[in-house]
Amino acid sequence: MVVPKRYVIRFANELNNFRSMEFNALASLYKLNFKFIEPISEKPFMIIETSDEDTLRKVFNRIILATSLFECWISSNDLNQFINEINNCLQIKNDEYYQNCSFRIQVEAFGRKISQSQKIERIERLSGLSLKGPIRMTNPDVTFYYMEYYGLNPNIQPELPYQILFGKWIANSNRKLLSTFSLKNRKFIANTSMDATLAFLMANIARVNVDDIVYDPFVGSGSLLVSAAYYGAYVCGTDIDYPLLHGMIKPTRVGAKKREDDESVQGNLKQYGLESRYLNVIAGDSSLQLFRNNIEFDAIITDPPYGIRESRERIGSKKSDPTIPIEYLDRHLPAKLQYKLDDIYHDLLNFSAQHLKPNGIVTFWAPYFKRFYNNETTKQFQTLSQIDSLPKYDHHNDPSLRFQHQRLRLLSFGEQKLTKNCSRILVTMQKIL
Ligand SMILES: C[S@@+](CC[C@H](N)C(=O)[O-])C[C@H]1O[C@@H](n2cnc3c(N)ncnc32)[C@H](O)[C@@H]1O
């Protein structure tokens with residue numbers, strides 16, 4: 001039987017509210033058997049125990065909000081106790097390989113800046129390990145990892161760290177793909193293209209897997225399809241904006257004079273060698289029944305229009321137009337109506353309940369406005385004639401009260417602050433069998 005080991009996952013200092021959503025989703029996707037030793041908290045790391053390092057590596061390799069993974073040999077809240085544990089560190093004392101291999105020690109402090117000479121002083125604290133191998137700064141056999149945690153408040157810096165961690169570094173995360181997929185170099189972007197970090201986060205939270213079929217009913221420039229396709233899914237979407245889908249709108253990039261021919265969702269996938277995962281996009285209205293009942297998706301990932309930066313529209317006519325002769329009615333393209341926020345979410349949940357496979361996941365953003373907005377905010381949103389259709393919940397309200405459906409269960413939600421009075425929440429629901 002493989003003896004369980006402890007591991008530290010070090011998080012990036014970004015989108016902290018979404019750490020546990022992402023980790024839990026990926027742990028469930030890859031069926032990682034683990035227990036929390038230090039669960040996800042405000043700290044920039046968590047500690048888990050598992051005997052399945054291979055699966056942990058798969059999970060870690062996808063976590064977009066983490067930076068590194070290391071085996072946790074010592075975790076202590078007291079410096080003297082830490083030094084004592086270093087002097088008796090069983091992993092090294094019992095293993096000739098670690099005693100003799102080439103190595104380097106990576107020192108990090110969170111919540112305090114430490115100078116190079118302080119780093120050297122920390123390394124000297126580890127002399128009790130009695131490592132005999134040569135120090136090698138590039139390509140050592142083993143990198144040891146030493147981390148001090150001084151808390152999150154930069155105004156309160158304790159003399160000694162709250163916690164010291166020590167262990168063997170295993171891997172850095174795959175965050176470099178964020179620059180590869182940055183919108184800065186994306187072939188086709190629109191005003192509301194989702195940035196790469198959030199797009200990959202959403203694909204992870206939606207547990208997108210190889211050969212899944214993923215759908216975005218408000219696809220825009222297709223950023224959410226790019227990340228899903230990167231993880232091996234076949235992707236498709238719908239958008240009401242025909243000129244946008246066909247690259248006929250004004251260029252979004254500053255300085256660009258006209259759109260290139262291949263500025264399209266398909267062009268984006270091609271740019272990253274993911275064209276084989278492209279199914280299609282439909283110019284259509286997601287408030288209507290577009291698919292046959294038996295069409296099913298593994299996941300629906302979407303950023304519906306809130307009407308702040310893009311219009312919320314659906315096909316319809318404010319009143320029937322008596323001037324259109326009856327024989328032309330079926331070919332008549334009706335005027336667009338405003339698509340109310342409540343209707344968007346109502347339709348999205350019904351659509352998901354109908355078209356997700358059993359256990360399939362829908363992940364979507366919803367706007368969130370503080371109940372007691374100040375006059376400025378009220379004025380701003382009244383101008384946009386939105387105030388009545390805004391979902392009105394506050395921090396203490398449970399979104400499960402708002403996002404309910406008989407055939408979907410709420411898995412998670414997390415808030416991203418946009419301005420003082422306005423946030424959006426990422427809601428994830430799963431189709432009940
Ligand atoms: C927030 S944007 C989505 C941006 C997209 N995630 C991206 O990365 O480009 C919302 C999109 O919904 C589209 N939309 C608005 N009303 C719609 C409707 N009734 N049916 C389908 N698409 C609609 C808009 O044209 C817009 O492109």
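This is a dialogue between a student and a tutor about reading local features in a predicted model.

Student: Let's begin with aromatic rings. How many aromatic pairs does the structure hold?

Tutor: Keep in mind that we are reading a predicted model. The structure holds 31 aromatic pairs. Take F23 and F36 as one of them: their ring centres are 6.0 Å apart and their planes meet at 55°, so the pair is tilted. This pair links distant parts of the chain, with F23 in helix α1 (residues 19-29) and F36 in strand β2 (residues 35-38), 13 residues apart.

Student: Are F23 and F36 buried or exposed?

Tutor: Consider each residue in turn. F23 is buried, with a relative accessible area of 0%. F36 counts as partly exposed, at 34% relative accessibility.

Student: And what geometry do the rings of Y230 and Y231 have?

Tutor: Planes over 60 degrees apart count as edge-to-face. For Y230 and Y231 the planes are at 70° and the centres 5.3 Å apart, so this pair is edge-to-face. Y230 is partly exposed, at 33% relative accessibility, whereas Y231 is buried at 9%.

Student: Which residues do ring pairs link into a cluster?

Tutor: Look for W73, Y97, Y98, F103, F144 and F166, which ring pairs link into a cluster.

Student: Which charged ends sit over rings?

Tutor: Let's look at two arginines. The charged end of R62 sits over the ring of Y231, 3.7 Å from the ring centre. We met Y231 a moment ago as the buried partner of Y230. In the other case, R424 places its charged end over the ring of W365, at 4.3 Å from the centre.

Student: Let's turn to the surface. Which residues make the nonpolar patch?

Tutor: L288, L290 and I315 make a nonpolar surface patch of about 210 Å². You will find L288 in the loop between β10 (278-283) and β11 (297-302). With a relative accessible area of 40%, L288 is partly exposed.

Student: Now a helix. How many residues of α8 are buried?

Tutor: A general point about helices comes first. An α-helix has 3.6 residues a turn, so residues three or four places apart point the same way. One might therefore look for a covered side and an open side when reading a helix. In helix α8 (residues 196-205), though, 10 of its 10 residues are buried. Among them are A196, L198, F200 and M202, along with the polar residues T197 and N204.

Student: What happens at the ends of α8?

Tutor: D195 caps the N-terminal end, where a side-chain oxygen of D195 lies 2.9 Å from the backbone nitrogen of T197. Just after the helix, R207 takes a positive phi of about 55°.

Student: How should I read a positive phi?

Tutor: Start from the general expectation. Most residues other than glycine have a negative phi. Against that background, K31 has a phi near 55°, a positive value in a residue other than glycine. D211 also has a positive phi, near 70°.

Student: Where do K31 and D211 lie?

Tutor: Both are in loops. K31 lies between α1 and β2, the elements that hold F23 and F36. K31 is exposed, with a relative accessible area of 67%. D211 is found between α8 and β8 (213-216), and counts as partly exposed at 46% relative accessibility.

Conventions: Residues are numbered from 1 along each chain as its sequence is written. This is a predicted model: local features need pLDDT of at least 70, side-chain atom pairs count only at pLDDT 80 or more; totals for chains, interfaces and linings use all residues. Side-chain values use heavy atoms; hydrogens and water are left out. Rings of Phe, Tyr and Trp (its six-membered ring) pair if their centres lie within 6.5 Å; planes under 30 degrees apart count as stacked, over 60 as edge-to-face and the rest as tilted. Helices (H or I, at least four residues) and strands (E, at least two) are DSSP runs, numbered from the N terminus. Buried means under 20% relative accessible area, exposed over 50%, partly exposed in between (1.4 Å probe, protein chains only). A charge sits over a ring if NZ of Lys or CZ of Arg is within 6 Å of the ring centre and within 35 degrees of the ring normal. Patches are made of residues with over 30% relative accessible area and no salt bridge: like charges are joined within 9 Å, nonpolar side chains (Val, Leu, Ile, Met, Phe, Trp, Tyr) within 5 Å. Accessible areas come from the Shrake-Rupley method with a 1.4 Å probe; for residues, only the protein chains shown count as cover. A salt bridge is a side-chain nitrogen of Lys or Arg within 4 Å of a carboxyl oxygen of Asp or Glu. A polar contact is a pair of N or O atoms within 3.5 Å; within protein, one must be able to donate a hydrogen and the other to accept it, and residues adjacent in sequence count only if both atoms are side-chain atoms.
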